[in-house]
Amino acid sequence: LPRWQMNGHKRPLAVWTSATVQWTLKQKKLAELYRIPMSRPSILSGTSLLGKRALSTTSSSPKEVMLTSEQYGVKRLPFSHVSDSDIAFFEHLIPGRVITDPDELRLFNVDWLQSVRGCSKMLLRPRTAAEISEILRYCNKRKLAVNPQGGNTGLVGGSVPVFDEIIISTALMNQVISFNSVSGILVCQAGCILENLNQYLEELDFIMPLDLGAKGSCHIGGNVATNAGGLRLLRYGSLRGTVLGLEVVLADGSILNCLASLRKDNTGYDLKQLFIGSEGTLGIITAVSILCPRKPKSVNLVFLGCQSFSQVLGTFTTCKGMLGEILSAYEFMDDKCMKLVENHLKLSNPVTGNPFYILIETSGSNTVHDEEKLNNFLEHVMASGLVTDGTVATEDKKIKMLWSLRERITEALTHDGCVYKYDLSLPVERLYDLVIDTRARLGKTAKNVVGYGHLDGNLHLNITAESYSHSLLDAIEPFVYEWTAQYNGSISAEHGLGFKKKHYIQYSKPQEAVLLMQQVKAMLDPKGILNPYKTLPASS
Ligand SMILES: O=C(O)CC[C@@H](O)C(=O)O
Ligand SMILES: [Zn+2]
């Protein structure tokens, strides 16, 4: 077998040819065809647009999104309305950082998917936990509802108001507080953009333990508040393990300083876990302490084609056995996803003609060692017929190009029509069965039924149609939830419940658990001002 070329970062896309295998060199063509995604321009942050979650075609003239309250028939809870004296109070507290202009507010009232819309009349841009504390103390007294907002990249309607909740943006809370290069512990404010943090750390030879398609826009506070999973979870685990401490402002304005930077701390209940994944309903996260891994010295990416989902699974098992400690991501997508990124985003498929595609990333400390392992693995899966075709990237630019095939599926879907989005945890061996069953059930009533996701047991099932239809929704739900529940799966693996999924929590949690959650919410936020209408169904 040919050896990998060893000229550091500048290595070209590796090409492997043998009697049975044709690894295709297509980087020139790819470079011409790929576009770096552009994102919605942020009027509040002057940061780079590169790599932000894309919304390029619609960001300049957003489509008219129906008000959530009308679309879903929700009743406003009896919160106070923002008055002139409220505006004056906030102007005094954070002068020049109160937005009431309806045009400016429009972007912050609509979610990234442009599927839900609130009608907030005011957005606040605090810089410190102390300012958020003053804001919440006032809102709690006045019974004014609030909607904490990070990068507004959530997919379940959790990051925008449902009615006129005051939006509290973390965009100006973007300071790194400390980094310890011995322990690898980073402490930063909640509004730091994930990609900026990663860039900051890379210069210090570290990386964030979390990576996801929305990295160019999402805030670390929002990531923690939703317990975002993403592409590196397989290697570095969930935020429930890597987050070591939090600073949170509670509904009454008190500041809970649990910003510990300790790997081990068994003093009482682990309160930070309550706020991780609570979607801003229990408190507003203002700072995060997080454990970061060293930057891997060698990263390789393999894009493979398979004939069946059982081969995707077989390749996964082989991969864990042969690449074990250097495996950092294992993602899959079906051919329908590939068609969508090809058609709508004009990306090019380097290994055409397969029903399934796999993206495997390795991250290690020894280039020669890693590439030898990878060669052995590729030789094995090709010879055993688990994989039919593939291409390998070792250079940064090519790695990014291949990643965009997977990372930009969500964006491609938004160009395909009305999207019905499901994010399920299932036993891995069942992962794709749900796609097959849904496709059979919906027949021609759906435009596309696609499946992709993370082999940590997380299926992203997406269904598209030319336009919204109530009867199609009735055919999908509760079918998808019941199907998931029969295998003790979760109806939200990583996106959270937000506004859209809160009524389905009982498919994944017993009544006693939901009741306890409602009691916790009532204790921490007795007036219910924090991100109302989200996460939990109203207590009966
Ligand atoms: O859009 C989706 O369904 C999934 C989004 C995200 O979790 C991903 O893994 O790309
Ligand atoms: Zn995902």
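This passage describes the sheets, helix contacts, cavities and backbone features of a predicted model.

Two open sheets are described here, beginning with the one made of 5 strands. Its strands follow the order β5-β6-β9-β7-β8, and the pairing is antiparallel. The edges are held by β5 (176–180) and β8 (255–258), each of which has a single partner strand, so one side of each is left without a neighbour in the sheet. From one strand to the next, the twist averages 10 degrees. Within this sheet, strand β7 (residues 243–249) and strand β9 (residues 284–291) run antiparallel and are joined by 6 bridges. Val 249 stands opposite Ile 284, a residue of β9. A helix also packs on this part of the model: α5 (residues 129–142) lies across β7, β8 and β9 and runs at about 45 degrees to β7.

The other sheet is also open and contains 7 strands, arranged in the order β13-β10-β12-β11-β15-β16-β14 with antiparallel pairing. Here the edge strands are β13 (389–393) and β14 (418–425), each of which pairs on one side only. The twist in this sheet averages 15 degrees from one strand to the next. Strand β11 (residues 327–334) pairs with strand β12 (residues 356–364) over 7 bridges, in the antiparallel sense. Asp 334 has Phe 356 of β12 as its bridge partner. Helix α18 lies across β14 and β16 (458–465), and its direction is at about 10 degrees to that of β14.

Helix α18 (residues 479–486) also meets another helix, α16 (residues 433–442); their axes come within 11 Å and cross at roughly 150 degrees. The crossing of these two helices, α16 and α18, is right-handed. On the α16 side, the contact involves Asp 433, Leu 434, Asp 437, Thr 438 and Arg 441, while α18 contributes Phe 479, Val 480, Trp 483 and Thr 484. By class, 4 nonpolar, 2 polar and 3 charged residues make up the contact of α16 with α18.

Attention now turns to the enclosed space in the model. Rolling a probe the size of a water molecule over the atoms shows where empty space is left. The count comes to 6 cavities of 30 Å³ or more. The largest cavity holds about 730 Å³ of space. It is lined by 43 residues, of which Thr 153, Gly 154, Gly 222, Asn 223 and Thr 226 are the closest to its centre. At least two residues of this lining come from each of β3 (146–149), α7 (220–226), β9, α14 (396–407) and β15 (448–454). Among these elements, α7 gives the most to the lining of the largest cavity, with 5 residues. By class, the lining of the largest cavity divides into 14 nonpolar, 24 polar and 5 charged residues.

Two features of the backbone remain to be reported. Most residues other than glycine have a negative phi, and most peptide bonds are trans. Lys 143, however, is a residue other than glycine with a positive phi, near 55 degrees. Lys 143 is located in the loop between α5 and β3. The other feature is a cis peptide bond, which joins Glu 477 and Pro 478 and has an omega of about 10 degrees. Pro 478 is placed in the loop between α17 (470–476) and α18.

Terms used: Residues are numbered from 1 along each chain as its sequence is written. Chains are lettered from A and ligands numbered from 1 in the order in which they are written. This is a predicted model: local features need pLDDT of at least 70, side-chain atom pairs count only at pLDDT 80 or more; totals for chains, interfaces and linings use all residues. Side-chain values use heavy atoms; hydrogens and water are left out. Axes are lines fitted to C-alpha atoms, for helices over the stretch in contact, and angles run from 0 to 180 degrees between N-to-C directions. Helices (H or I, at least four residues) and strands (E, at least two) are DSSP runs, numbered from the N terminus. A crossing is left-handed if the near helix is turned anticlockwise from the far one by less than a right angle, and right-handed if clockwise. Contact means heavy atoms within 4.5 Å. Ala, Val, Leu, Ile, Met, Phe, Trp, Tyr, Cys and Pro count as nonpolar, Asp, Glu, Lys and Arg as charged, and the others, Gly among them, as polar. Two strands pair if DSSP finds at least two bridges between them. On a 1 Å grid over the protein atoms alone, a cavity is a set of points where a 1.4 Å probe fits but cannot get out, and a pocket is an open set with protein on both sides within 12 Å along at least five of seven lines; lining residues have an atom within 4 Å of a point. Grid points are joined across faces, edges and corners, and a volume is the space filled by probe spheres set on the points.
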